[in-house]
Amino acid sequence: MITDKLNTEFWIITDTHLIADSLHDNGPAFVRMQNTSQGKDLVYQEVALSAFCKMAQEKKPAAIIVTGDVTFNGELISTQKFQEIFSSLTETKLLVLPGNHDIYDGWARSFKGEKQILTPQVGPAAWRQIFKSTYDCSLSQDPHSLAYSVQLNPQYLLIMLDSNIYGTQENFTSPITAGQISDDQFVWLEKQLINARKQHLRPLLFMHHTLYVHNPAVNRGFVLNNAPMLRQICKEFDIKMAFSGHIHAQNIAGPVGKTPTIEVVTSSFCSYDQAYGVVQVNPEKVTYQRETFAMKPYLTKVQQQNYTLTHFHQYLKEIQLRNLSSNSAIPDPLAENQPPLIKQVNELFLSMNYNYFTGHNHISQEELNRIHDSVAYQTLEAQHPKFRNYMRTLYDTTDHSNLETTVEY
């Protein structure tokens with residue numbers, strides 16, 4: 001058991017995509033990778049995670065849970081560096097799950113000058129060894145996967161599922177985006193839930209892939225292949241909350257149909273505004289609140305002389321702007337002297353994406369109608385018809401929040 005306190009909290013981060021500084025020289029090959037990294041920051045994650053760890057040392061949550069894609073592409077050295085960064089925690093446990101980029105990822109590379117160089121990958125055994133302090137906290141470990149369970153306190157059981165598909169040895173192919181829970185892991189999971197019921201423990205699920213469809217236009221490879229089976233188990237055992245990552249977008253969904261589970265996806269820590277989730281539990285309820293990490297107070301004096309680090313959220317936003325531009329959705333959004341209409345189109349598309357990925361996308365139907373009726377939106381749809389279905393999913397007019405939720409017992 002991590003703590004005997006009935007009132008406690010833990011934090012969630014996901015998709016940190018750390019590539020260790022020692023694996024690159026900021027040369028041309030690495031710069032090209034950063035510029036095509038789909039909006040992820042690859043340069044400063046050692047600094048950002050170290051600063052986040054300092055905040056945890058100060059505020060002392062019971063645990064920090066990482067729901068996968070710890071590394072950029074499963075580099076052994078990056079995995080070791082992640083553990084090293086968080087090894088300074090004294091009163092907070094680190095609980096880590098792999099993502100689809102973490103185990104036997106054939107894209108694992110270091111970068112030197114113009115070259116990308118193969119670098120050792122992480123396998124399941126190495127993962128367990130590197131994160132030994134995590135698995136030492138476990139109540140049970142699935143012998144067939146990297147799944148495990150941890151008793152948080154006298155009332156809550158944390159079940160950490162391994163939803164990734166990977167082979168049995170190093171390979172040279174791209175990581176598999178899709179995920180599923182294996183039959184053997186389902187057997188282990190049911191045993192955990194039966195035991196939890198006997199012990200009057202309330203289970204909370206954690207995994208990399210999602211239980212539900214969070215975006216009807218973009219969900220292939222994000223939702224578990226066998227999600228209906230897991231949803232049925234959630235129904236049978238009345239699992240009220242699940243937490244995941246993978247989609248990089250802040251979103252809360254559920255319950256769905258007869259499945260009572262609310263699923264929370266926290267957005268990527270290395271993108272947009274450095275989101276993390278604060279989960280508070282007590283005998284009556286569980287609450288989730290999305291927070292943004294302002295790392296400036298936790299930087300060293302030398303780091304505080306770096307303009308990018310002290311204005312980090314603006315830097316992350318500019319990465320996203322360039323990513324959207326490189327995908328040919330819009331012209332260069334940072335270019336000067338744009339015609340007024342083009343500028344309006346750019347600003348609209350950027351704000352729609354930013355609000356969606358950060359979970360600030362709830363607006364009234366009237367506001368949505370005004371956006372759809374605007375010249376800028378109609379121009380955007382006309383110029384990029386392939387984005388039409390996607391753009392129609394970016395705003396939410398329902399009455400629930402993607403930033404916070406509460407489950408009562």
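**Exercise 1. Strand 9 and its neighbours**

Task: Establish which residue of strand 10 F206 stands opposite, and then work out how strand 9 is connected to the strands beside it.

Solution. In this predicted model, F206 stands opposite F243 in strand 10. That position belongs to a parallel pairing in which strand 9 and strand 10 (residues 241-244) are joined by three bridges. The connection between these two strands passes through helix 7, and this β-α-β crossover is right-handed.

The next step is to turn to strand 8 (residues 156-160), which pairs with strand 9 in the parallel sense over five bridges. Within this pairing, L157 has P203 in strand 9 as its bridge partner. Strand 8, helix 6 (residues 183-198) and strand 9 together make a β-α-β unit that is right-handed.

The last step concerns the side chains: R202, L204 and F206 point one way from strand 9, while P203 and L205 point the other way, and all are buried. Since buried means under 20% relative accessible area, and five of the five residues of strand 9 are buried, the strand is largely enclosed by the rest of the structure.

**Exercise 2. F222 in its loop**

Task: Decide whether F222 counts as buried or exposed, and find which residues it touches beyond its sequence neighbours.

Solution. Begin with the location, since F222 is placed in the loop between strand 9 (202-206) and helix 7 (227-236). The relative accessibility of F222 is 19%, and because the limit for buried is under 20%, F222 counts as buried.

For the contacts, residues up to four places away in sequence are left out, and F222 then touches H209, T210, H246 and I247. One of these, H209, is 13 residues from F222 along the chain, and the C-alpha atoms of F222 and H209 are separated by 5.6 Å.

**Exercise 3. Two helix pairs**

Task: Determine how helix 6 is oriented relative to helix 7 and how helix 10 is oriented relative to helix 12, and describe the residues at each contact.

Solution. Two packed helices are described by the angle between their axes and by the distance between those axes. For helix 6 and helix 7, the angle is about 10° and the axes are 11 Å apart. Because angles under 35 degrees count as roughly parallel, helix 6 is roughly parallel to helix 7. At this contact, F186, L189, E190, L193 and R197 in helix 6 meet M229, L230, I233 and E236 in helix 7. By class, the residues of this contact divide into six nonpolar, no polar and three charged.

For helix 10 (residues 340-358) and helix 12 (residues 375-383), the packing angle is about 85° and the axes lie 9 Å apart. Because the range from 65 to 115 degrees counts as roughly perpendicular, helix 10 and helix 12 are roughly perpendicular to each other. From helix 10 the contact takes in L341, I342, Q344, V345, L348, F349 and M352, which meet V375, A376, Y377, T379, L380 and Q383 in helix 12. The contact of helix 10 with helix 12 has ten nonpolar, three polar and no charged residues.

**Exercise 4. The six-stranded sheet and T16**

Task: Give the order in which the six strands form an open sheet, identify its edge strands, and then describe the surroundings of T16.

Solution. The strands of the open sheet follow the order 3-2-1-13-14-15, with mixed pairing. Strand 3 (93-97) and strand 15 (404-408) are the edge strands, as each pairs on one side only. From one strand to the next, the twist averages 20°.

Within the sheet, strand 1 and strand 2 (residues 63-67) run parallel and are joined by four bridges, and W11 stands opposite I64 in strand 2. Helix 2 (residues 45-59) lies across strand 1, strand 2 and strand 13 (275-281), and runs at about 175° to strand 1. Helix 3 (residues 76-86) lies across strand 1, strand 2 and strand 3, and runs at about 160° to strand 3.

T16 is found in the loop between strand 1 (8-13) and helix 1 (28-35). With a relative accessible area of 0%, T16 is buried. Leaving out residues up to four places away in sequence, T16 touches Q45, L49, G68, D69, V70, F82, F269 and C270.

Definitions and conventions: Residues are numbered from 1 along each chain as its sequence is written. This is a predicted model: local features need pLDDT of at least 70, side-chain atom pairs count only at pLDDT 80 or more; totals for chains, interfaces and linings use all residues. Side-chain values use heavy atoms; hydrogens and water are left out. Axes are lines fitted to C-alpha atoms, for helices over the stretch in contact, and angles run from 0 to 180 degrees between N-to-C directions. Angles under 35 degrees count as roughly parallel, over 145 as roughly antiparallel, 65 to 115 as roughly perpendicular and the rest as oblique. Contact means heavy atoms within 4.5 Å. Ala, Val, Leu, Ile, Met, Phe, Trp, Tyr, Cys and Pro count as nonpolar, Asp, Glu, Lys and Arg as charged, and the others, Gly among them, as polar. Buried means under 20% relative accessible area, exposed over 50%, partly exposed in between (1.4 Å probe, protein chains only). Two strands pair if DSSP finds at least two bridges between them. A crossover is right-handed if, with the strands pointing away from the viewer, the path from the first strand over the helix to the second runs clockwise.
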